[in-house]
Amino acid sequence: MEAVVCPRCGKDDHLAGERRGEMVRITCSACSLVWDRDPAPRCPECGLTDVRPVPEPVWAKVRGNQRSIVAYKTVYLCPACDKRRLKEHLGANPMSSKGAGTG
Ligand SMILES: [Zn+2]
Ligand SMILES: [Zn+2]
């Protein structure tokens with residue numbers, strides 16, 4: 001699950017989640033804010049829930065201009081809005097059609 005931060009105080013280490021049917025009720029013990037969160041990831045653009053989790057490298061500058069992957073985070077790509085990125089992640093299609101002609 002992606003990191004959840006409190007929308008009021010911005011903390012993420014004082015949160016308690018409690019499953020309530022479809023939703024998860026999150027309580028922030030730092031500022032006592034309570035809100036419901038939809039546990040299903042969805043596209044922020046169109047609200048589609050049919051998003052695909054893909055590992056996204058987290059780049060960090062090490063020395064000077066050199067960059068290096070320090071971690072991977074899971075991002076959810078929307079098949080409608082992030083079509084190009086999703087395609088890049090899926091790479092070359094494994095089901096390459098070969099011209100098999102028998103008969
Ligand atoms: Zn809070
Ligand atoms: Zn979308």
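What percentage of the 103 residues in the protein chain is buried?

1. **Burial.** Buried residues account for 6% of the 103 residues in the protein chain. Keep in mind that this is a predicted model.

2. **Composition.** The protein chain holds one helix and five strands. Along the sequence the pattern reads β-β-β-β-β-α. The strands therefore precede the helix, with a cut at the N terminus for numbering. 

3. **Contacts along the chain.** Take the contacts in the protein chain with a separation of 6 or more. Residues 24 or more positions apart account for 27% of them.

4. **The sheet.** Three strands make an open sheet in the order β1-β2-β3, and the pairing is antiparallel. Its edge strands are β1, residues 15-20, and β3, residues 34-37. Each of these two pairs on one side only. On average, neighbouring strands of this sheet are turned by 25° against each other, direction ignored.

5. **The β2-β3 pairing.** Strand β2 covers residues 23-28. Four bridges join β2 to β3, and the two strands run antiparallel. Two positions in β2 can be followed across to β3. Val-24 has Arg-37 in β3 as its bridge partner. Arg-25 stands opposite Asp-36 in β3. As a rule, side chains in a regular strand alternate between the two faces of the sheet.

6. **The hairpin turn.** β2 and β3 form a hairpin, with five residues between them. Ser-32 lies in this loop between β2 and β3. Its phi is near 60°, a positive value in a residue other than glycine. Most residues other than glycine have a negative phi. This position merits a look in the model.

7. **Exposure of Ser-32.** Is Ser-32 buried or exposed? Ser-32 counts as exposed, because it has 11 C-beta neighbours inside 10 Å. The cut-off for exposed is 12 or fewer.

8. **The helix.** How many of the eight residues of helix α1 are buried? The count is zero. Helix α1 spans residues 83-90 and is hardly covered.

9. **After the helix.** Gly-91 comes just after α1. Gly-91 takes a positive phi of about 75°. A positive phi also occurs at Ser-32 in the hairpin turn, at about 60°.

10. **Points to keep.** The β2-β3 hairpin is joined by four bridges. Helix α1 has no buried residues. Buried residues are 6% of the protein chain.

Note on methods:
Residues are numbered from 1 along each chain as its sequence is written. Chains are lettered from A and ligands numbered from 1 in the order in which they are written. This is a predicted model: local features need pLDDT of at least 70, side-chain atom pairs count only at pLDDT 80 or more; totals for chains, interfaces and linings use all residues. A residue is buried if 20 or more other C-beta atoms lie within 10 Å of its own, exposed if 12 or fewer, and partly exposed in between; C-beta atoms are placed from the backbone. Two strands pair if DSSP finds at least two bridges between them. Axes are lines fitted to C-alpha atoms, for helices over the stretch in contact, and angles run from 0 to 180 degrees between N-to-C directions. Two residues are in contact if their C-beta atoms, placed from the backbone, lie within 7 Å.
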